[in-house]
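These are my notebook entries from one sitting with a single model. I set down what I looked up, in the order in which I looked.

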Amino acid sequence: VVAGIVTVSISLKKNSKAPVAKLSSHMENEQLTRINATETNLVAYLTDGSTVVLKAGASIQHDAFLAHPKREVFLKGDAFFNIAKDAGRPFFVYTPEIGIRVLGTSFNVSEKNGDLTVSVKSGKIAVYNLADKQQRSYVVTPNHKIRFNTRTAAFVADSINVAEAKSIQPAAELQPFAFENTPVTD
């Protein structure tokens with residue numbers, strides 16, 4: 001009986017150590033880069049209380065502690081942002097083509113066929129073309145989206161239907177916070 005209990009407990013312990021999908025992170029020029037190299041959506045927690053759901057293949061780069069007067073994140077790929085409110089320090093998301101100014105909101109950024117689409121779940125954002133010298137911005141409110149065509153550099157605004165509204169915030173695998181005998185750098 002004792003041998004059976006020991007065998008079962010050892011096998012359970014081995015099975016509980018299944019690999020956990022995680023973001024790969026590294027520092028580069030005083031910037032923290034986080035990359036989702038998995039096929040699932042993963043959550044990145046920012047030091048200001050904001051969260052970013054990085055979709056498969058997406059990455060963000062930002063100041064290690066977001067300690068500057070402006071909170072800035074550089075995005076490649078698709079992601080959902082849930083931004084912590086901080087009226088004194090606006091939040092900016094930059095893709096290679098557009099900039100997004102946020103105070104406290106949740107929104108999705110996706111790229112498809114050369115078009116970038118920003119869909120707002122809550123709050124309000126201002127979207128602008130980084131190449132536009134006049135920096136004209138377009139305000140997007142909840143249940144609306146704006147599409148930027150990278151070939152023509154034109155914005156097209158639209159409302160979101162009920163099905164799209166439900167799919168703005170993707171499901172994501174939460175990163176565990178339990179660490180045992182793990183170096184501080186990890």
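**Entry 1: the open sheet**

I began with Met27 and looked up its bridge partner in β2, which is Leu32. I worked from a predicted model throughout. I then checked the strands to which this bridge belongs: β1 and β2 (residues 31–35) pair in the antiparallel sense, over 5 bridges.

I next traced the sheet as a whole. It is an open sheet of 8 strands, and I read its order as β1-β2-β5-β6-β8-β9-β12-β13, with mixed pairing. I noted that β1 (24–28) and β13 occupy the edges; each has a single partner strand, so one side of each lacks a neighbour in the sheet. I also looked up the turn between neighbouring strands of this sheet, which is 20 degrees on average when direction is ignored.

**Entry 2: Arg71 and Asp48**

I turned to Arg71, which I located in strand β6 (residues 71–76). Is Arg71 buried or exposed? Its relative accessibility is 0%, and Arg71 therefore counts as buried, the cut-off being under 20%.

I then asked which groups its side chain meets. The side chain of Arg71 makes a polar contact with that of Asp48 at 2.6 Å. I recorded this pair as a salt bridge too, with 2.6 Å from N to O. The pair links distant parts of the chain, since I found Asp48 in the loop between β3 (42–45) and β4 (51–54) and Arg71 in strand β6, 23 residues apart. Asp48 is buried, as is Arg71. I also noted the backbone oxygen of Ala84, which lies 3.0 Å from a polar atom of the Arg71 side chain.

**Entry 3: other salt bridges**

I looked up the total and found that the structure holds 6 salt bridges. One of them joins Asp86 and Arg89, whose closest N and O atoms are 3.5 Å apart. I checked the exposure of both ends: Asp86 is partly exposed at 25% relative accessibility, and Arg89 is partly exposed at 21%.

I then examined Arg136 and Asp132, whose side chains meet in a salt bridge with 3.5 Å from N to O. Here I recorded Arg136 as partly exposed, at 48% relative accessibility, whereas Asp132 counts as buried at 16%. Last, I noted a network in which salt bridges with shared partners join Asp115, Arg147 and Arg151.

**Entry 4: the hairpin of β14 and β15**

Arg147 led me to its bridge partner in β15, which is Val156. I found that β14 and strand β15 (residues 154–159) run antiparallel and are joined by 6 bridges. I also looked between the strands: this hairpin has 4 residues there, and Ala153 takes a positive phi near 55 degrees.

**Entry 5: other positive phi values**

I looked up two asparagines for the same backbone angle. Asn113 has a phi near 55 degrees, a positive value in a residue other than glycine. I placed Asn113 in the loop between β10 (106–112) and β11 (115–122), and I recorded it as exposed, with a relative accessible area of 65%.

Asn143 also has a positive phi, of about 65 degrees, although it is not a glycine. I found Asn143 in the loop between β13 (137–140) and β14 (144–149). Its relative accessible area is 40%, and Asn143 is partly exposed.

**Entry 6: aromatic rings**

How many aromatic pairs does the structure hold? I recorded 6. Among them is the pair of Phe81 and Phe107, which is stacked, with 5.2 Å centre to centre and 15 degrees between the planes. I located Phe81 in strand β7 (residues 79–82) and Phe107 in strand β10, so the pair ties together parts that are 26 residues apart in sequence. Phe81 and Phe107 are both buried.

I went on to Phe92 and Tyr94. Their ring centres are 6.0 Å apart and their planes stand at 5 degrees, so I entered the pair as stacked. Phe92 and Tyr94 are both buried. I also noted that Phe74, Phe92 and Tyr94 form one aromatic cluster.

As a final item, I looked at what sits over the ring of Phe92. I found the charged end of Lys70 there, 5.0 Å from the ring centre.

Notes. Residues numbered from 1 in each chain as written. Predicted model: local features only at pLDDT ≥ 70, side-chain atom pairs only at ≥ 80, totals over all residues. Heavy atoms only, no water. Buried < 20%, exposed > 50% of the residue type's maximum accessible area, 1.4 Å probe, protein only. Pairing = 2+ DSSP bridges. Axes fitted to C-alpha atoms, helices over the stretch in contact; angles between N-to-C directions. Phe/Tyr/Trp six-rings, centres within 6.5 Å; stacked < 30°, edge-to-face > 60°. Lys NZ or Arg CZ within 6 Å of the ring centre and 35° of its normal. Polar contact = N/O pair within 3.5 Å; in protein donor to acceptor, adjacent residues only side chain to side chain. Salt bridge = Lys/Arg side-chain N within 4 Å of Asp/Glu carboxyl O.
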